[in-house]
Amino acid sequence: MRAQKAAFLQMIKSIGRDGMLLFACLLPILCGILFKGGVPLLEEMLCGYFNKKVVLVPYYRLIDIGYSLLAPAMFCFVSAMVVLEERDEGLASYSAITPLGKKGYLLSRLGIPAVCATVLTGLLLLPFSVSRLQMGTIAGLTVSGGGFGLVYALLIIRFSENRLEGMAAAKLASLTMLPAFCPFFIRGGAEYFLWLFPAWWGGAAVARNQPLLGAAGVLCGLAWIWGLGKKRDKAGGSFSSL
């Protein structure tokens, strides 16, 4: 574990030297401050303008769901960018033959950051939730968000060969956030398809007030991780060539 810890700290130093990646890490905090202070102010302005008691309040939970996905997405996006850069420079393959090994490298670049993103998501939701979510609901969003973040990073790595392609892949992979909002609008047979997306389970945990559904999001994410890793190995791609 000492080697994985050293590799993770080395990645943190690399992020600190890259302005774009450092800003991506700080973005969830900045957005949290903006949402917490700006959304209630905007609600007050809209209520006065339209002469209504509430305008945005019914959608506060949707804002919190989106925010719960923003934090793990940004943190895991940064990890994916580091992996793509190191793979392009040949450092990933070199790390695989050191005592760190391929599994240790993946743990330091994806596993540990995903765990950190999960913890930080919960810590950020506590002060910045605009709908004053209960602890159980925050826990459900936190665990499902962690699963989503890891899948998000793997999708970027799976379909990219360098950081430039990774930026484009990140935009497409971000579409997997959308199912999180569907439990509020879609019911019936269409939900069976949405069960395939880790983000859906976090939204369902909030919409149905069943925090344990967030744990199903983790299981769904693990299925995605297994499928992406296995497919990439068979293709002789990045995971197998680390």
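## Two non-glycine residues with positive phi

N209 is exposed in this predicted model, because its relative accessible area of 53% lies above the cut-off, which is over 50%. The residue sits in the loop between α9 and α10, the latter comprising residues 213–234. Although N209 is not a glycine, its phi is positive, at about 55°.

R132 likewise is not a glycine and has a positive phi of about 55°. Its place is in the loop that joins α5 to α6. With a relative accessibility of 76%, R132 counts as exposed.

## Helix α6 and its packing against α9

Helix α6 covers residues 135–158. Its 24 residues should span 34 Å at 1.5 Å a residue, and the C-alpha atoms at its ends are 34 Å apart, so the expected and modelled spans agree. Of these 24 residues, 20 are buried, and α6 is therefore largely enclosed by the rest of the structure.

One partner of α6 is helix α9, residues 198–207. The two helices pack at an angle of about 170°, and their axes are 8 Å apart. Since angles over 145 degrees count as roughly antiparallel, α6 and α9 are placed in that class. On the α6 side the contact involves T137, L141, S144, F148 and V151, which meet P198, A199, G202 and V206 of α9. Sorted by class, the contact of α6 with α9 has six nonpolar and three polar residues, and no charged ones.

## Helix α1: one buried side and one exposed face

Helix α1 runs over residues 2–16. At 1.5 Å a residue, its 15 residues should span 21 Å, which agrees with the 21 Å between its end C-alpha atoms. The buried residues in α1 are Q4, A7, F8, M11, S14 and I15. They cover an arc of only 110° around the axis, so they lie on the same side of α1.

The face turned away from this buried side carries the exposed residues R2, K5 and K13. The buried residues of α1 are covered by elements that include α2 (19–50), α3 and α5 (101–128).

## The crossing of α1 and α3

Helix α3, residues 60–89, packs with α1 at an angle of about 95°, with the axes 11 Å apart. The pair is therefore roughly perpendicular. From α1, the residues Q10, M11 and I15 make the contact, and from α3 the residues V78, S79, V82 and E86 do so. By class, this contact of α1 with α3 has four nonpolar residues, two polar residues and one charged residue. M11 and I15 thus appear both among the buried residues of α1 and in its contact with α3.

## F75 in α3 and K36 in α2

F75 also belongs to helix α3. The residue is buried, because its relative accessible area is 14%, under the 20% limit for that class. Apart from neighbours within four places in sequence, F75 is in contact with C25, P28, A117 and L120. F75 and P28 are 47 residues apart in sequence, and their C-alpha atoms are 8.9 Å apart in space.

K36 is located in helix α2. A relative accessible area of 35% makes K36 partly exposed. When neighbours within four places in sequence are left aside, the contacts of K36 are P127, F128, S129 and V130. K36 is 151 residues from R187 in sequence, and the C-alpha atoms of the two residues are 30 Å apart in space.

## Helix α7: a buried face against α3 and α6

Helix α7 consists of residues 163–173, with G166, A169, A170 and A173 buried. Viewed down the axis of α7, these buried residues fall within an arc of 110°, so they line one face of the helix. That face packs against α3 and α6 through its buried residues.

Turned away from the buried side of α7 is a face that carries the exposed residues L164, K171 and L172.

Methods: Residues numbered from 1 in each chain as written. Predicted model: local features only at pLDDT ≥ 70, side-chain atom pairs only at ≥ 80, totals over all residues. Heavy atoms only, no water. Axes fitted to C-alpha atoms, helices over the stretch in contact; angles between N-to-C directions. Helix = DSSP H or I, 4+ residues; strand = E, 2+ residues; numbered from the N terminus. Parallel < 35°, antiparallel > 145°, perpendicular 65-115°, else oblique. Contact = heavy atoms within 4.5 Å. Nonpolar A, V, L, I, M, F, W, Y, C, P; charged D, E, K, R; others polar. Expected span 1.5 Å × (residues − 1). Buried < 20%, exposed > 50% of the residue type's maximum accessible area, 1.4 Å probe, protein only. Arc of directions from axis to C-beta.
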